[in-house]
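Hi,

Here is the structure I promised to pass on to you. Have a look at it first, and then read my notes below.

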Amino acid sequence: MIEERKRGALLGLAWGDVLGCPVEGWRDREIREAYGTYDRLPETYPLERIPEKRKKKLRPPGLHSDDTQQAMGLVLTVLSGGWSLDRWTRLLVDGWKRQAWRGVGRNFTAAVHRLAKGEEARRSGSPSAGIGAAMRTGPLGALISDPETRLTVALESSLSTHSDQRAAVFAAVVAEAVSLFIGGKTPSEVPGLLSSFARKAEERVMQWKEAGWNVENADSRQVSDALGGLASAIGDEPEEVRRLISDSARPHLAEGFIRAHPNQGFVLLGGIHALAMACRSDMGPNEVLLSIIREGFDTDTVAAIAGSLLGARFGTDWIPADRLADGERIGRYADALIIGQPFETAEEFFVKEAGWTSMETQYRRQRTSPAAG
């Protein structure tokens, strides 16, 4: 069972990503108008009910996004001779040059551009407290058994793209949560344990800032405080938990946020929401993911984080791996978490992902061409 929980940390991530991709960025009203109750990964899209602006970003059903790509890339980096920050940043830059990455956010792109121009990793991250680092770190909880090594890898890999302390700390929290679930900790135990862990991670990042890392909000205690508040509310009704998350995050929203929606791509919103839902004891894992996705906004990334946690908690029996477009390969990455050896090289990774990215581009052109309309 432990081995299946380890595999679930990656397969669950990929399934949450894929399940949320069809409505990424949509509002809940748009999801209802197109699908009624979104209750499965569609075989085909109801194009007649999907607005033109949404058709432009559809990808083949079952194809993973950058969430899964970066998780696999991080796993590959660790397995290719042990953790190396230089090797990780080379993978990021080479993946960009090879046109492998797809659907990436502007903060990731800006960080990779800085790395490509020669900026050192400790100063390359974008000042973002988004969940673009946490989406990829869950499998570290299955791959790295030593807590100190796992914390270092999570923080370094995160700060190289997201230089806000809150993003890096929450990314480490996700890896730690996966490790706790694999180790048999219960959903009622995990939030309290993570609050203490987050405080340690916050202190570690402060030390790194003093050692020369570029870190925004290095003295923040927002993640540990949010986890402490969640520990006492984890059994409440989902809507009440979502209200608590929104109310707690609202004072910390960056300029430009117009709504403290629980699925926004901010660690105190989408990140905490994913963790809270993954700890529910009254819902099955697919029910949890669909409940998240029906809320709209950053559906794939919030569901990917929750999926990684749910996989570590429940194993893999609930995951329909046959619905993953690249399911066999992703499954081999999941196996590698147990075996401890990579099955493909970085070059093979780039070729495969660039191929999927090219397919996605062509698919979108076909969906939005005059003939398709």
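Before the helix pairs, one definition: an axis here is a line fitted to C-alpha atoms, for a helix over the stretch in contact, and angles between N-to-C directions run from 0 to 180 degrees. Please also keep in mind that this is a predicted model.

With that in hand, start with helix 10 (residues 165-182) and helix 12 (residues 222-231), whose axes come within 9 Å and cross at roughly 45 degrees. That angle is why helix 10 counts as oblique to helix 12. On the helix 10 side, R166, V169, F170 and V173 take part, and they meet Q222, V223 and L227 of helix 12. Sorted by class, this contact has five nonpolar residues, one polar and one charged.

V173 is worth clicking on. Leaving aside residues up to four places away in sequence, V173 touches L194, F197, A198, V223 and L227. V173 also appears in the largest nonpolar core, which has 116 residues; W15, Y38, V173 and L309 are those with the most contacts inside it. Helix 10 supplies the largest share of this core, with 13 residues.

The other pair is helix 14 (residues 267-278) with helix 15 (residues 285-293), packed at an angle of about 150 degrees with axes 10 Å apart. Angles over 145 degrees count as roughly antiparallel, so helix 14 and helix 15 are roughly antiparallel to each other. Their crossing is right-handed. Here H273, M277 and A278 from helix 14 meet V288, S291 and I292 from helix 15. The residues of that contact are four nonpolar and two polar, with no charged ones.

Happy exploring!

Technical notes. Residues are numbered from 1 along each chain as its sequence is written. This is a predicted model: local features need pLDDT of at least 70, side-chain atom pairs count only at pLDDT 80 or more; totals for chains, interfaces and linings use all residues. Side-chain values use heavy atoms; hydrogens and water are left out. Helices (H or I, at least four residues) and strands (E, at least two) are DSSP runs, numbered from the N terminus. Angles under 35 degrees count as roughly parallel, over 145 as roughly antiparallel, 65 to 115 as roughly perpendicular and the rest as oblique. A crossing is left-handed if the near helix is turned anticlockwise from the far one by less than a right angle, and right-handed if clockwise. Contact means heavy atoms within 4.5 Å. Ala, Val, Leu, Ile, Met, Phe, Trp, Tyr, Cys and Pro count as nonpolar, Asp, Glu, Lys and Arg as charged, and the others, Gly among them, as polar. A nonpolar core is a set of buried Ala, Val, Leu, Ile, Met, Phe, Trp, Tyr and Cys residues joined through side-chain atoms within 4.5 Å. Buried means under 20% relative accessible area, exposed over 50%, partly exposed in between (1.4 Å probe, protein chains only).
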